[in-house]
Number of protein chains: 2
Amino acid sequence: MPRGPWTTTQSRIAYSTPRFSVYEDEVTRPDGTAGEYDWIQTSDQVRVAVLTGDHVLLVEQYHYLIGRTLQLPGGNVEDGETAEIAAKRELEQETGRRDGRWTSYGRLAPLPGLSPIYTHLWLVQDAVAGTAKPESVERDLRVVSMSLPDALRAAYDNKIGCAASAALVFAVAGGLSA
Amino acid sequence: MPRGPWTTTQSRIAYSTPRFSVYEDEVTRPDGTAGEYDWIQTSDQVRVAVLTGDHVLLVEQYHYLIGRTLQLPGGNVEDGETAEIAAKRELEQETGRRDGRWTSYGRLAPLPGLSPIYTHLWLVQDAVAGTAKPESVERDLRVVSMSLPDALRAAYDNKIGCAASAALVFAVAGGLSA
């Protein structure tokens with residue numbers, strides 16, 4: 001099967017865990033040489049910038065792999081969900097916010113050389129406040145309300161450790177001030 | 001071993017490919033329940049925003065997993081390299097640019113739930129022009145010079161598909177106009 005200047009001769013799942021699968025594809029590369037391309041299939045992600053007045057809500061949490069960091073509310077697109085449904089579910093679980101005006105900021109590939117997944121991004125304005133219902137494994141999750149200039153500074157200082165969250169904070173702060 | 005509110009009881013490599021390893025850790029989660037945390041170890045990444053006057057250099061390439069997209073020059077940190085050495089090597093390979101004034105924009109985690117890796121970011125000004133030496137598998141790589149406003153628009157339109165590249169374009173464009 002051709003994929004642009006690449007050709008996939010064979011594609012097989014070499015290993016799977018509950019969260020992702022490892023593919024090992026036999027390929028012909030753009031320079032005509034034969035080889036293997038190993039990659040990861042897993043679920044798409046969502047991140048949401050929800051504004052409350054001139055503030056944005058961030059979540060602070062200890063991440064098993066990288067330690068404590070800030071990111072925007074979000075998570076995995078579960079089986080059977082669209083990205084938008086997942087974003088609404090995650091936003092309400094983590095912050096209690098729901099409804100409001102949703103503006104898509106598209107999608108970005110977190111690791112385009114390693115996985116075809118995307119992180120889907122939204123800006124939400126005028127959301128309704130409610131009660132957060134974090135999953136029990138997220139019991140150390142803390143919601144932090146920051147002014148947009150403070151969130152922008154946190155992104156520049158890498159206190160927002162997640163790449164898609166930082167990109168969306170930069171995009172929203174730049175877009176609203178433009 | 002404690003990791004914040006998590007505890008790692010056991011950590012083992014369950015599967016490896018030439019590019020990454022799959023770990024399956026036995027953990028105790030923040031809510032006290034026992035479980036498994038499966039994750040990926042692979043090389044850190046680098047992305048560089050090199051300015052030529054008021055333009056920034058992007059590379060357009062067909063990605064095996066996500067198709068044709070723009071991103072900033074960069075790639076993997078190879079064994080034995082620091083992130084900065086990798087960034088200088090990738091920038092010169094892909095664009096021919098070298099030297100100049102390097103400003104660190106820190107690092108972002110592309111998929112903090114799945115891998116502990118970081119993408120390290122730099123702004124480079126006043127670099128010296130030279131001859132690009134792309135690897136033969138990157139023979140379809142094309143360098144594109146864009147004004148900062150055009151690059152910003154490409155980031156908003158998701159034409160810059162790589163999350164870390166988009167974040168750095170937003171950060172640099174916002175930082176220079178501030």
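I'll start with the hairpin of β6(A) and β7(A), which leaves 3 residues between the two strands. This is a predicted model, so please hear everything that follows as computed from it. The strands β6(A) and β7(A), the latter covering residues 67-71, are antiparallel and share 5 bridges. At the turn end you can find H63(A) opposite G67(A) of β7(A).

Stay on β6(A) for a moment, since several pairings go through this strand. β6(A) is also antiparallel to β11(A), with 6 bridges between them. One pair to look at there is E60(A), which faces R142(A) in β11(A). Then there is β5(A), again antiparallel to β6(A), this time joined by 2 bridges. Here L51(A) is opposite V56(A) of β6(A). β5(A) and β6(A) make a hairpin too, with 2 residues between the strands, and in it G53(A) has a positive phi near 65°.

Next, the helix. What does α1(A) pack against? The contacts of its buried residues go to β5 (45-52), β6 (55-63), β8 (74-76), β10 (119-125) and β11 (142-147) of chain A. So β6(A), β5(A) and β11(A), the strands I have just described, are among those partners. The buried residues themselves are A86(A), A87(A), K88(A), E90(A), L91(A), E94(A) and T95(A). Note that K88(A), E90(A) and E94(A) are in that buried set. As for the geometry, α1(A) covers residues 83-95, 13 residues in total, and spans 18 Å from first to last C-alpha, close to the expected 18 Å at 1.5 Å a residue. Directly after the helix comes G96(A), with a positive phi of about 85°.

Now the chain as a whole. Chain A contains 3 helices and 11 strands. Reading from the N terminus, the order is β-β-β-β-β-β-β-β-α-β-β-β-α-α. The domain assignment splits chain A into domain 1, residues 2-41, and domain 2, residues 45-177. Between the C-alpha centres of these two domains of chain A there are 31 Å. The C-alpha trace of chain A measures about 55 × 40 × 30 Å along its principal axes. Of the 178 residues in chain A, 40% are buried. On contact range in chain A: taking contacts between residues at least 6 apart in sequence, 58% are between residues at least 24 apart.

Let me move to chain B and its N-terminal strands. Chain B has an open sheet of 4 strands, ordered β1-β2-β3-β4 and paired antiparallel. The edges are β1 (2-3) and β4 (34-41) of chain B; each has a single partner strand, so one side of each has no neighbour in the sheet. The pairing of β1(B) with β2(B), residues 6-16, is antiparallel and rests on 2 bridges. Within it, P2(B) has T7(B) of β2(B) as its bridge partner.

Last, how the two chains relate. What turn lays chain B on chain A? A turn of 180°, with a shift of 0.0 Å along the axis, and the RMSD is then 0.0 Å. That is what a two-fold axis gives. In chain B, the residue closest to the rotation axis is A167(B), whose C-alpha is 2.0 Å from it. As for the interface, 100% of the interface residues of chain B are interface residues in chain A as well, so the copies meet through the same surface.

Note on methods: Residues are numbered from 1 along each chain as its sequence is written. Chains are lettered from A and ligands numbered from 1 in the order in which they are written. This is a predicted model: local features need pLDDT of at least 70, side-chain atom pairs count only at pLDDT 80 or more; totals for chains, interfaces and linings use all residues. Copies are superposed by least squares on the C-alpha atoms of residues with pLDDT of at least 70 in both. Two residues are in contact if their C-beta atoms, placed from the backbone, lie within 7 Å. Two strands pair if DSSP finds at least two bridges between them. The expected span of a helix is 1.5 Å times one less than its number of residues. A residue is buried if 20 or more other C-beta atoms lie within 10 Å of its own, exposed if 12 or fewer, and partly exposed in between; C-beta atoms are placed from the backbone. Domain bounds come from an automatic or database domain assignment.
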